[in-house]
Amino acid sequence: MLRPSEEPSADEATETASTSGALAFTLDVRSENGSVARHLERHLEIQRFNRFPDLRDTEFNRLMAEAETNARSLLAALGYFNPQLSLHVEDTPAGSEAPRKVVIEVEPGAQSVVQSVNIGFAEPMNSDPQGQRQRARVERGWSLKQDDVFTQSDWDSAKNAGLRVLQRDRYPTARIESSQARVDADAEKVDLRIGYDPGEAYRFGALELQGNERYDAQGIRNIARIPTGTDYSEEALLDAQQRLASSGYFDAAFLMLDTENSDPQNATVIAQLREAKYQKVVFGVGLSTDAGPRLSIDHIHNKLWPLGWRAVSQIAVDAKSQQLATQWTAMPRESGWAWFTGAQLERAEVGDYTANSFMLTAGRTQSTGHIDRRYFLQYDFSRTEGSDTPGSSSSLLGSYSWTGRYFNNKTNPSSGYGVGWELGAGYTLTPEREPFLRGRARWLQFVPLGERNEAGRRSRLAVRAEAGAIVADSGTQMPLSLLFLTGGDTTVRGYAFESIGTRAFDDRLYGGRYLTVGSLEWQRPMTLFGNSSDWEHAVFVDAGSVSDDNAETSVYTGVGTGIRWRSPVGPLQADIAYGLKLEQFRLHLRMGFNF
């Protein structure tokens with residue numbers, strides 16, 4: 001029991017509430033504005049003490065006196081600075097859940113609106129020409145504008161968003177120097193004033209490695225590629241951290257700028273690393289509507305003798321293929337370029353054929369910022385099984401590929417675009433020697449539409465296109481692995497994986513020399529029970545064709561709908577599509593985003 005001189009703490013209130021089901025009082029907030037009533041019922045402090053059945057009258061009266069002040073404070077946070085409040089206590093009939101009821105009648109009045117916004121910046125940034133663009137971004141992106149309804153949460157959000165714009169580029173130690181919301185309650189107007197102190201402008205200095213013992217330090221720095229001498233950028237720092245974390249050499253990598261013990265014009269970047277072991281084996285199981293169940297075993301060696309390169313070898317088996325592959329990659333040079341070589345042996349269903357293929361490849365690769373580049377030499381050999389088959393063929397191909405990713409998020413993008421292309425020239429080696437060219441290009445763009453919902457999300461269009469071509473003499477026999485097939489979860493939905501191709505060799509499905517694929521998808525956030533969620537709905541149309549002669553092209557079209565869940569590791573997609581050519585429905589499941 002509480003003594004008259006004691007004030008129950010929040011912890012005591014919670015503990016008492018959990019051990020007693022009796023109520024000292026109930027709370028009834030009455031207002032024509034339902035959202036205001038629900039807000040007060042949810043957040044009023046007096047609610048914490050309604051399960052003290054032995055609450056004394058003096059304690060109850062004190063809580064009632066504080067309730068009005070608390071209610072006015074909660075209403076002010078919503079922009080209601082001139083409310084009319086009436087508090088009284090009603091006795092309840094015998095048998096009620098509580099002996100009395102606290103009634104709060106509220107007329108909130110009109111919400112105050114923003115009359116003016118004044119955003120200031122301290123020196124030296126205020127007069128620095130290089131800071132003009134950043135100052136303009138803060139002002140242009142300010143979310144609580146003139147004539148907007150004022151709420152405390154919107155005010156806090158606007159201040160912090162402006163601060164983040166400063167801290168992301170050049171000014172990592174920026175802070176809010178002053179902020180003031182001057183309220184004219186009678187006029188229902190608010191004047192906002194905010195002053196930012198950006199502090200010193202920082203530039204990247206050297207990278208200091210902590211925890212690296214097994215692997216070449218300069219090679220690790222080349223993977224991180226900190227842009228020494230350039231203005232600080234949070235995005236550049238996070239990109240470097242992601243490159244280290246995904247390199248396979250570390251179980252954990254965390255990068256931070258030393259703003260306490262460094263010269264701002266040459267600030268040290270500290271990399272705190274936890275090294276991965278030299279070797280590990282990874283077992284994987286999966287399921288897809290394209291290839292059915294899948295089992296894989298990966299062996300990774302981070303410093304394979306005698307080259308010291310990183311080797312990733314895999315055995316993978318699914319319903320359509322069995323594959324044995326290995327790829328070795330060297331530490332990158334200071335330029336970011338790294339040597340690689342690989343081999344792959346596969347037995348797979350290719351169209352209506354079963355093919356055995358072998359591939360050797362060697363070249364150099366570079367990943368800088370949003371752009372990946374590769375040039376390589378590739379040997380391909382394939383042989384089909386059974387009678388009346390195309391037989392065997394082989395080729396040597398030299399190619400260059402370029403991929404640019406400009407999405408707003410690497411795992412769950414909602415805007416931006418990606419574009420990639422590959423172009424190569426080669427010779428077939430068997431059964432005859434003939435020159436050929438092979439090219440392929442792809443494009444994906446997200447176009448935001450409409451207004452943002454409560455969670456800040458918008459609907460959007462996803463526009464996708466892909467094209468490929470092999471230019472060679474009509475009688476040239478190409479390895480099956482270089483020909484094009486399409487259809488499946490990521491290309492033309494409504495059709496099975498790689499079921500769209502040409503008809504040759506006794507009217508059986510075969511890869512073609514020309515590929516075109518297009519897709520238009522409308523994606524929109526879903527609302528569940530009136531609340532925004534991580535679920536989305538999509539409606540789409542896909543179309544694609546594969547042929548050996550552009551004059552005789554048959555287009556396969558699929559239409560459908562599906563749902564998306566924005567998981568932490570990427571979207572989980574479930575689509576049901578109708579293939580117009582085959583007049584049948586097909587389910588498509590996919591996890592993650594890649595381009």
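## Strands β4, β5 and β6

Strand β4 (residues 113-121) runs parallel to β6, and 8 bridges join the two. Strands here, like helices, are DSSP runs numbered from the N terminus, with at least two residues (E) for a strand and at least four (H or I) for a helix. Two strands are said to pair if DSSP finds at least two bridges between them. Within this parallel pair, V114 stands opposite V190 in β6.

The model is a predicted one, in which local features need pLDDT of at least 70 and side-chain atom pairs count only at pLDDT 80 or more, while totals for chains, interfaces and linings use all residues. Residues are numbered from 1 along each chain as its sequence is written, and side-chain values use heavy atoms, with hydrogens and water left out.

Strand β6 also pairs with β5 (residues 175-184), in the antiparallel sense and over 9 bridges. Here I176 stands opposite Y196 of β6. The hairpin of β5 and β6 has 4 residues between the strands, and in this hairpin E188 takes a positive phi near 55°. Strands of a sheet pair through backbone hydrogen bonds, either parallel or antiparallel.

## The sheet of β1, β2 and β3

An open sheet of 3 strands follows the order β1-β3-β2, and its pairing is mixed. The edges are taken by β1 (26-30) and β2 (84-91), each of which has a single partner strand, so one side of each is left without a neighbour in the sheet. On average, neighbouring strands of this sheet are turned by 20° against each other, direction ignored. Axes are lines fitted to C-alpha atoms, for helices over the stretch in contact, and angles run from 0 to 180 degrees between N-to-C directions.

Strands β1 and β3 (residues 100-107) run parallel and are joined by 5 bridges. The bridge partner of V29 in β3 is I104.

Two helices lie across strands of this sheet. Helix α2 (residues 34-43) lies across β1 and β3 and runs at about 155° to β1. Helix α3 (residues 57-77) lies across β2 and β3, running at about 150° to β2.

## Helix α6 and its surroundings

Helix α6 (residues 217-224) has G219, I220, N222, I223 and A224 as its buried residues. Buried means under 20% relative accessible area, exposed means over 50%, and partly exposed lies in between (1.4 Å probe, protein chains only). The buried residues of α6 pack against β7 (204-210), α7 (234-246) and β8 (250-257), where contact means heavy atoms within 4.5 Å. Just after α6, R225 takes a positive phi of about 50°.

A salt bridge is found between the side chains of R203 and D231 (3.6 Å, N to O). R203 lies in the loop between β6 (189-197) and β7 and D231 in the loop between α6 and α7, so the pair ties together parts that are 28 residues apart in sequence. R203 is partly exposed at 26% relative accessibility, and D231 is partly exposed with a relative accessible area of 31%.

## Q323 and the K320-E349 pair

Q323 is part of strand β13 (residues 321-329). With 19% relative accessibility, Q323 counts as buried. Leaving aside residues up to four places away in sequence, Q323 touches Q314, I315, A316, Q344, L345 and E346. With the side chain of E346, the side chain of Q323 makes a polar contact (3.5 Å). A polar contact is a pair of N or O atoms within 3.5 Å; within protein, one must be able to donate a hydrogen and the other to accept it, and residues adjacent in sequence count only if both atoms are side-chain atoms.

K320 and E349 form a salt bridge, with the closest N and O atoms 3.9 Å apart. This pair links distant parts of the chain, with E349 in strand β14 (residues 337-350) and K320 in the loop between β12 (309-318) and β13, 29 residues apart. E349 is partly exposed at a relative accessible area of 41%, and K320 is partly exposed at 26%.

## Salt bridges and a network

The structure holds 28 salt bridges. A salt bridge is a side-chain nitrogen of Lys or Arg within 4 Å of a carboxyl oxygen of Asp or Glu.

In one of them, R493 meets E521, and the closest N and O atoms are 2.9 Å apart. The pair links distant parts of the chain: R493 is in the loop between β20 (459-472) and β21 (502-504), and E521 is in strand β23 (residues 514-528), 28 residues apart. Both R493 and E521 are buried. A network of salt bridges links R464, R493, E521, D542, R564 and D575.
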